[in-house]
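Q: Hi! I've just opened this one and would love a quick walk through it. Can you take a look with me?
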Amino acid sequence: MSKGYLTTHVLDTYNGKPGSGIKGSLYFFEDLETYKIKDFILNADGRCDKPILENDLFKSGKYEIKFYCGEYFKNFTKLSEVPFLDDVVIRFGISDINEHYHVPLLISPWSYTTYKGS
């Protein structure tokens, strides 16, 4: 069994607070297929209550997290009917199944930044 796990954290830089209530989905790519692993909703701190991937499901390969940020920002802004940023997709790889991978997202209605966190 792997000892590694995956976490995420979203900070809403437009409102200066955690991305509470943002919905997301985690996917895994294998060969030419994409598999949805799970859906999640971020808590009041902009995090999941537990890792979004761990134990036997945590394996090396290519992953994607899709954050539904356009839906979230409609609660705070008067965005156009077609927002500049809607779904934010982050594709990344896991190579060491015994490591903690953290994928943070800093988001506004017009920009985002991500990096390999710790």
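A: Happy to! One thing up front: this is a predicted model. Where would you like to start?

Q: Let's do charges. How many salt bridges does a search of the whole structure find?
A: The search turns up five salt bridges.

Q: Let's take Arg-47. What is its salt bridge partner, and how far apart are the closest N and O atoms?
A: Arg-47 pairs with Asp-45, and their closest N and O atoms are 3.0 Å apart.

Q: And how accessible are those two?
A: Arg-47 is partly exposed at 33% relative accessible area. Asp-45 is partly exposed too, with 40%.

Q: What does Lys-36 form a salt bridge with?
A: Its partner is Asp-39, with 3.2 Å between the closest N and O atoms. Lys-36 itself has a relative accessible area of 47%, so it counts as partly exposed.

Q: Which residue forms a salt bridge with Lys-116?
A: That would be Glu-99, and the closest N and O atoms are 2.6 Å apart. This pair links distant parts of the chain, 17 residues apart. Lys-116 sits in the segment after strand 9 (112-114), while Glu-99 lies in the loop between strand 7 (87-94) and strand 8 (100-107).

Q: Is Lys-116 buried or exposed?
A: Lys-116 is exposed, with a relative accessible area of 55%. Glu-99, on the other hand, comes out as partly exposed at 27%.

Q: Switching to the fold: in what order do the four strands of the open sheet run?
A: The order is 4-3-6-7, and the pairing is antiparallel. Strand 4 (33-41) and strand 7 are the edge strands, each pairing on one side only.

Q: What does the twist average from one strand to the next?
A: It averages 20 degrees.

Q: Over how many bridges do strand 6 and strand 7 pair?
A: Strand 6, which covers residues 61-68, pairs with strand 7 over eight bridges in the antiparallel sense. If you want landmarks, Phe-67 stands opposite Val-88 of strand 7, and Tyr-63 has Phe-92 as its bridge partner.

Q: Which residues make up the covered face of strand 7?
A: The covered face holds Val-88, Ile-90, Phe-92 and Ile-94. Asp-87, Val-89, Arg-91 and Gly-93 are on the uncovered face. That puts the two bridge partners I just mentioned, Val-88 and Phe-92, on the covered face.

Q: Nice. Now the surface: which residues form a nonpolar patch there?
A: Tyr-14, Phe-76, Phe-84 and Trp-110 do, with about 460 Å² of accessible area together.

Q: Where is Phe-84 placed?
A: Phe-84 is in the loop between helix 1 (69-73) and strand 7. Its relative accessibility is 62%, so it counts as exposed.

Q: Last topic: how many disulfides does the structure hold?
A: Zero.

Q: Why is Cys-48 without a bond to another cysteine?
A: Because the closest cysteine sulfur, in Cys-69, is 13 Å from the sulfur of Cys-48, too far for a bond. A disulfide needs the two sulfur atoms within 2.5 Å. Seen from Cys-69, the closest cysteine sulfur is in Cys-48, at that 13 Å distance.

Q: Is Cys-69 buried or exposed?
A: Cys-69 is buried, at 1% relative accessibility. Cys-48 is buried as well, with a relative accessible area of 17%.

Q: Great, thanks for the tour!
A: Any time!

Conventions. Residues numbered from 1 in each chain as written. Predicted model: local features only at pLDDT ≥ 70, side-chain atom pairs only at ≥ 80, totals over all residues. Heavy atoms only, no water. Salt bridge = Lys/Arg side-chain N within 4 Å of Asp/Glu carboxyl O. Buried < 20%, exposed > 50% of the residue type's maximum accessible area, 1.4 Å probe, protein only. Pairing = 2+ DSSP bridges. Axes fitted to C-alpha atoms, helices over the stretch in contact; angles between N-to-C directions. Patch = residues over 30% accessible without salt bridge, like charges linked within 9 Å, V, L, I, M, F, W, Y side chains within 5 Å. Areas by Shrake-Rupley, 256 points an atom, 1.4 Å probe, with all protein chains shown as cover.
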